[in-house]
Each structure stands twice: as structure tokens, then as C-alpha cells.
Amino acid sequence: MSGPSDFQPTNPALKWIERRLPIMGLMHSSFVAYPTPRNLNYWWTFGAILSMMLGVQILTGVILAMHYTPHADLAFKSVELIVRDVNYGWLLRNIHASGASMFFFAVYIHMFRGLYYGSYKEPREVLWILGVIIYLLMMATGFMGYVLPWGQMSFWGATVITNLFSAVPYFGESIVTLLWGGYAVGNPTLNRFFSLHYLLPFVIAGVVVLHIWALHVAGQNNPAGVEAKTEKDTVPFTPYATIKDAFGVSCFMLFFAWFIFYMPNYLGDAENYIPANPAVTPAHIVPEWYYLPFYAILRSIPNKLAGVIAMFGAIIILAFLPWLDSAKTRSSKYRPLAKQFFWMFVVVCIGLGYLGAQPPEGIYVIVGRILTIAYFAYFLILLPLLSRIEKPRPVPNSIADDVLAKSGGKAASMVSSVIALMVAGGLLLGGAESARAAEGSTKPPAQNWSFAGPVGKFDRGALQRGLKVYKEVCSSCHGLSFVAFRNLAESGGPGYSVAQAQAFASEYKVKDGPNDQGDMFERPGRPADYFPSPFPNEQAARAANGGAFPPDLSLITKARSYGRGFPMFLIDFFTQYQEQGPDYVAALLQGYEDKPPAGVTLPEGSYYNKYFPGHAIKMPKPLNDGQVTFDDGSPATVAQYSKDVTTFLMWAAEPHMEARKALGLQVFVFLILLTVLLYFTKKKVWANAH
Amino acid sequence: MTTASSADHPTRRDFLFVATGAVAAVGAAATVWPLVSQMNPDASTIAAGAPIEVDLTPIAEGQDIKVFWRGKPIYISHRTKKQIDEARKVPVASLPDPQSDEARVKPGHDQWLVVVGICTHLGCIPIAHEGAYDGFFCPCHGSVYDTSGRIRQGPAPSNLAVPPYTFVSDTKIQIG
């Protein structure tokens, strides 16, 4: 389609370059003069959205790598320090982490669009296969990236996924050892994953170039599925496709920004805020939502090797799609049967995604097997069969005819597809969430937190009182090792002055050294010091606490969660409810009961807590009425203590929360303005093309 | 979106295009800010660059020590009478970077020279008590400093910098 360019620069310097390297001509013929079908709908803008996402991920990734330390002992902390100390580090990390989800969200729409409109059919087979390769590379990159923060899910995800290769007959164990670079997942694994996670996006970018090249040779498919024949069928890429893509990208950024600024942890797993621990596996290992359908297929097959083959087969089978579906009609618009089965297939995929997040037991296994069979049957039986028996409706003669035939109702179909998309996406995204809902302990009551919602702020008084409760009660067993005394004077925090923070720090004894004699010594704390931990190491902590390890509290409100269940998790997405962690912590502190209910026996040294999973907690009731005296006259009750200390710990877990929400508001005002302007510009540009 | 009349099509269109382009450009420019800002020292690095205190009692006359502040070596020299006299004898006007010795030390503490031990040429660390002026000699490109840390010979353009410091007591200084 993109023939030799007639692009001729007029500037002599550009002319000189162009004769020697016709790069401007290439850009011009590819992205300016390139003829694009005039009937493309908004599903086609996801190509541009994906290009943007790749750029965003590479850019933020390169920046994060400037601050990240790929070492098993330091990785978790370095990620936390990025979020806490690097200028806009929280923003960059949120963009990169939710960006991965957005990337997959967009790629799934892109793939389903290709599936629906038959974009894989002759002459676009290579284009499609290149897409499958990109998708595989994305999966590998996404997985390795998830390992880098070195939390519990990172570690155990890495263990489970690398162990997939142990299913290979004869060589399995050797392959796994080769991947690990050790006897188990450890520092060498983390190092190589970091290296490959940095490398693969550039490989993806290379394949994307091939993907676009192949696209520009075959020309874009379109909703009618007929090839462009005359000039009347196409419009030049710029300004038509450019402005439409810009509008699509802008809409997508609104969606993206919702996660970045308001729901940064909605798609993540609370478990990953617990540092990797090779001795403890989390109760539910759940992959990121975008792998869930394949995870469900893996678990549906009761044989290890067969399960792994089925899982990889579910992806590889996509590459054979152009030959499995031999129907001459491309677009499902004109294939009444294929259209219905397509939507059923979408439901099957979402269903598998939901099941991937459920515990592998009972009905879930059975339904999982049925859906797995349905998944493969769609490709192996249904599509080949349909292409032989289905009688398609007549397709339009040309794209121009298709455009002319279009009447009203376009907006309605757009709205309905957006709603369908949001529900489908929400189901898939919320899949992981519902796994935890099944755990069956008493749900903590949702509380009113001053920091909840889009404009939530910390209550300064509560932060100061909470700090007092932490210092006088919690700190005897629990560390707060990611919080520095200087943080107490930072904006968005408890509102102390620099001098107050300094005075607070100097009350602590901090170990320093070695001095000139080579000895360690104690000195008064400085603002740059971190809260000292009550125990020098985990062993000492366990020895002093009857075998239990009091967790560090720096991230506790993010590291604890509970399932909200359907449909709450969907509603939470719109109401920006993110306070499961604080709800749980506050409830736990008040959930002690002197006597366990009848019929419950507690192990030696345990206490009954209504909200603790399993109810037997090793921590004795920490707070009692009147234990801490507040200067501001707030009631000295357990309820007040719990609320204040939880507020303080929420701040400790995310000291820049107020900055995040404030910037989010500005970004939203800007993006809405830009989107509205782009919408009208797009209308203007397209006014004479319809 | 526009104030132009509906009959005025070209103007209206142009206004829309310019407005959209301008808003997009503002957005792009604003996006660059955090991407560049993140390269500045982070909060923990800034906090670690807080002032330090140095006890001067162990430094005998004629000796010097090197301490680190904000990642930079700071030379603290306990100068002899001879070294001070040498530094003060030189006519200030004849120096490449004219500065009196008195201006480079704290009044009443003439024996203490505190300078950043980084050659003002290209950042190497000069060696103390070397060179023709018994001051500092930079091995990289041959810059020679005198007992006041002033440049006397070689390619360096200016004197060794004096860091901000104060005497907390007669035997203790705070750098920063």
C-alpha cells in the first residue's frame, strides 16, 4: 500500500540528508500519506494506545532502573525508597506498575478486535503471528517485572512459574536449575530477571516495528473486512487517523490515570507488600489478572506435563488461527453464527479468568475443565466447522459503500460496547479479589477514614496521636524501618516542624560506626535516621515473642487486605474504596475477646481475635482503655487508639498519599480538557470525510 | 469552545486546532517535569548530606586529615606558623585567583585551613603537603596550590573551595 513516497523536503539541509537516508520520506509515507480505511471504528485506536503504552513502560522502566537495586536483600527496600524518597518516585512506580495492567488490557482488546473482524486472514497471517510473538514476549516481560519488587507474590510467582518447566520430560530439572542459577529462586534469579526484564521491551519494540511494517504492506483491515480498492475508500493517515488515535489515547489515559492516582493498589496483591520469605508460601498464589485465564487452564488438567502443554498450547494455538478459520468472509459482522460464538468465546475467556483466581477445589475445578474444553473447541472444532457450514451475509462492495450504508445508532453501539467493556474488564480485574473473599473469616467493618476518597487527607491530630500510640505501645515489638524521623516534618505528614522532628529523633539511641578505633557506638538519633527496630533480627524477635515474628509496621496497612466479594469490588472501583488494609488493622486491634466462643480451643500462647484469619493470634491484646494519655483531650479508649494508630500507619505506608491525590486532581482536569478539545478537533477534521 | 461566529468557519477551526495543540503541548511539557526531577538527589541523599561535626583535638600542628561531607573529601590542615606566614607573604594581586589568606580562614583560628579537596580543574583529589608551595599538588594535570589552598601554577582556574563551616568551640567545627 505504501508505495514510493513523493515526499520532497524543500529545505536544502533536509534535502541533503534525504538523498542519503530517506528517513523523512519513510515517516511521511508511513504516518502521513499512508492510506487508512475510512470506516475504522474506535477498536482500531488500540494499536496506537499499545504503541503509547510500550513507550510509557520503556520510559518509566528505564527511569526506575536508575533507582532500583536488583539484589535479594535490597530489592524490596529499594522499591520502597523509590516510592518514598525519589522525586515523583511514587508517580513513576504507579505508572509502571498499573501500566503493565493497562498494556495487557489494551492488548486483549486489540486481540479480540482482530479475532472479531478476521484481521488474521490472508494476506495478514504474518502480521497476526508477529502479534502473537509480541504477546508472548509481553507475558515473559510482565512476569519478570512482577518478580523485581521481591515481595511474597514476586517470589512465589517466580517459584511457581519457573517450576512449570520442570514438567519437561528428562531435562525439566536441569532447565529449572538453569533458569534459577541456584538451588532455588534466589539472588541469581532476581539478577537475571532484571537483566531480561530490561532487555525484552526493546525486543518487543523491534517486533512491533516488524508488526507495523507487515501492517503497512498488507494494509489495515477494517470493520467491513473488504480491501480498500479506490481512493474513495481511504483517507490519509494524517490528519484523519492521527487525530482519531490521539482522541482514543486521551480517553485511555483518563482510564489509566484513574489507577495511577486513585487506585494504585487495586490491581495488585496486598501480599506483595510483604518482603519475600522463602520459608512461607502465601495461602493463595494468584498471578496478576492478565495471566488468570491461562492459569485456570493449567490447573484444570490433573496431569503436570499435560497442564503445562495445555497452558502454552492455549497461546500457541492463536498462531494457527489463520488456517483454523478458513472462512472467506473476514468480518464477523457478516457472519451471523461466528459472531455469536465469538461473544461466547469472550465469555469463556472471562470465565477462565475468574476461575483462575478461585481456589482450585470443588465446582471451580469442574467448571474450569468445561471452559478449558470450550476454549480449545472454539479454535479446533468450531472455527474450522463454521468456515465450512456457515452462510455469511453479503459483504459491502467497497468501504465507501459501507460508510454510506451506515446510519444512526452509532453512538448507541459505542456506548453499549464501552459498558460491555467496562463490565468485562471489571470482572476480569476483580477476579483476583474474589479469591480472598472465600477465606471465611469475619469481615472487618468498613470505617470512615479521613484519608479515603479522591480528596481525602490525613487528620493531623490523628497522625500525632497515632505516633504516640505507636511509640508507647507498638514499638516495643514492631519496627517501622522504612520511616525516617525526617518524614515527620514532611508535608502531608503529622505536621511537625523540622526542629520538632529533630528533637523527636534525638530521644532515640541509634547505633553508628565504626569510629576511628573501629568500634560501634551509640549516638542520639538524627532526622536522617530511621525508626530503630526493637529486635536486631528475626531470630531475636521470634525468641522474645514465643516463636511469633511481629511484622514491621511500615507497610502493614497495604500488606493486609480482605476480600470485598462481588459486586463490592466492582463498586469499589468507582467509589475509589481502597481502605481494606486500615479497616482490617483497626478491626484487629479491637477484635480481641477474653474468652473464645464455645467449641473453639486455642493453641498454647494464642489469643482469640475475631478478625484474625484463623482467629488464633499470638499477639496479646495490645491496647487497653486509659493506656495512653493524649494531650489534646481525645478519649483514651481502645477505639480511639485503634483509629489513630491505624491512620498513622496508613501515613507510614504511603507518606505521599496527599500529593498523589492532589496531583491526580490536576491531571484529571487537564486530561478532561484535552479529551474534549481532541473530540471537537477530531469532529472538525472528519467533518468532510463522512 | 469558541467565541467566533458560526459563519466564520476558518477562524473557528484554526482556533480549535491551536487550542488543542497548545493544551497538548502544555501537557507534554508538564510531563517532562517529573521525568527530569527524579534525577535530582532523592530525599534520603539530601538528608544524609546534613552538617557534620569534626573534633580537631587529634590533629597535631603540621598534620592534616581528610573527612567526607556530601561525598566530597574535606581537607582540614593544622598549619604551622611557617605555613601561615608563607601564605600571608604573597602579594594578593600576583595570584591567578586573588584572595587573601585571612579571607580563607576563620578569624582567630588562623592555623586551621578547611578546604574542599577537589581540584578546580577537573575534579581530581590533590595530594596534601606536596608541590612547590608546600600546599597541595594535583597529580592529574599538575595544578599546584599553596598553604592557603590557592592556585599558584597549572591549569586549574581557581582556588580550592572553602566549604561552609563554623567553629562550635575552639576544638570542634561543624561543616555544612
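Helices (H or I, at least four residues) and strands (E, at least two) are DSSP runs, numbered from the N terminus. This is a predicted model, in which local features need pLDDT of at least 70 and side-chain atom pairs count only at pLDDT 80 or more, while totals for chains, interfaces and linings use all residues; side-chain values use heavy atoms, with hydrogens and water left out. Residues are numbered from 1 along each chain as its sequence is written, and chains are lettered from A in the order in which they are written.

**Exercise 1.** Describe the annotated spans of chain B by their helix and strand content.

Solution. Begin with the UniProt record, whose positions are given in the numbering used here, with shortened feature names and annotations that may be inferred rather than shown by experiment. In an unreviewed entry, UniProt lists "domain: Rieske" at residues 87-174 of chain B. This span is 3% helix and 28% strand, and its end C-alpha atoms lie 24 Å apart. Next, the record, again an unreviewed entry, gives "transmembrane region" for residues 15-36 of chain B; that span is 100% helix and 0% strand, with 32 Å between its end C-alpha atoms.

**Exercise 2.** Do the same for two annotated domains of chain A.

Solution. The "domain: Cytochrome b/b6 C-terminal region profile" is placed by UniProt (unreviewed entry) at residues 227-397 of chain A, where the chain is 58% helix and 2% strand and the end C-alpha atoms are 10 Å apart. The "domain: Cytochrome c" annotation, also from an unreviewed UniProt entry, covers residues 461-593 of chain A; here the figures are 38% helix and 6% strand, with end C-alpha atoms 29 Å apart.

**Exercise 3.** Work out how chain B meets chain A, and which element of chain B gives the most to that side.

Solution. First count the residues: 23 residues of chain B are in contact with 23 residues of chain A, contact meaning heavy atoms within 4.5 Å. Then take the area, since the size of an interface is often given as the accessible area lost when the parts come together. The two chains bury about 2000 Å² between them, 74% of it on carbon and sulfur atoms, where the area is found with a 1.4 Å probe and summed over both parts. There are 0 salt bridges between chain B and chain A, a salt bridge being a side-chain nitrogen of Lys or Arg within 4 Å of a carboxyl oxygen of Asp or Glu. On the side of chain B that touches chain A, the elements giving two or more residues are α1 (9-37) and α2 (43-48) of chain B. Of these, α1(B) gives the most, with 13 residues.

**Exercise 4.** Explain why the salt bridge of Arg330(A) and Glu227(A) ties together parts that are 103 residues apart in sequence.

Solution. The structure holds 29 salt bridges over all chains. In one of them, the side chains of Arg330(A) and Glu227(A) meet at 2.7 Å, N to O. Arg330(A) lies in the loop between α13 (321-324) and α14 (336-356) of chain A, and Glu227(A) in the loop between α9 (187-218) and β2 (234-236) of chain A, so the pair joins parts that are 103 residues apart in sequence.

**Exercise 5.** Judge the confidence of the model, chain by chain.

Solution. The score used is pLDDT, the predictor's confidence in each residue, from 0 to 100. Chain A averages a pLDDT of 92, and 94% of its residues score at least 70; among the elements of chain A, helix α18 (residues 431-437) has the lowest mean pLDDT (50), and helix α3 (residues 46-67) the highest (98). Chain B averages 91, with 94% of the residues scoring at least 70, although pLDDT stays under 50 over residues 1-8 of chain B. For the complex, the predictor gives an ipTM of 0.87 and a pTM of 0.92.
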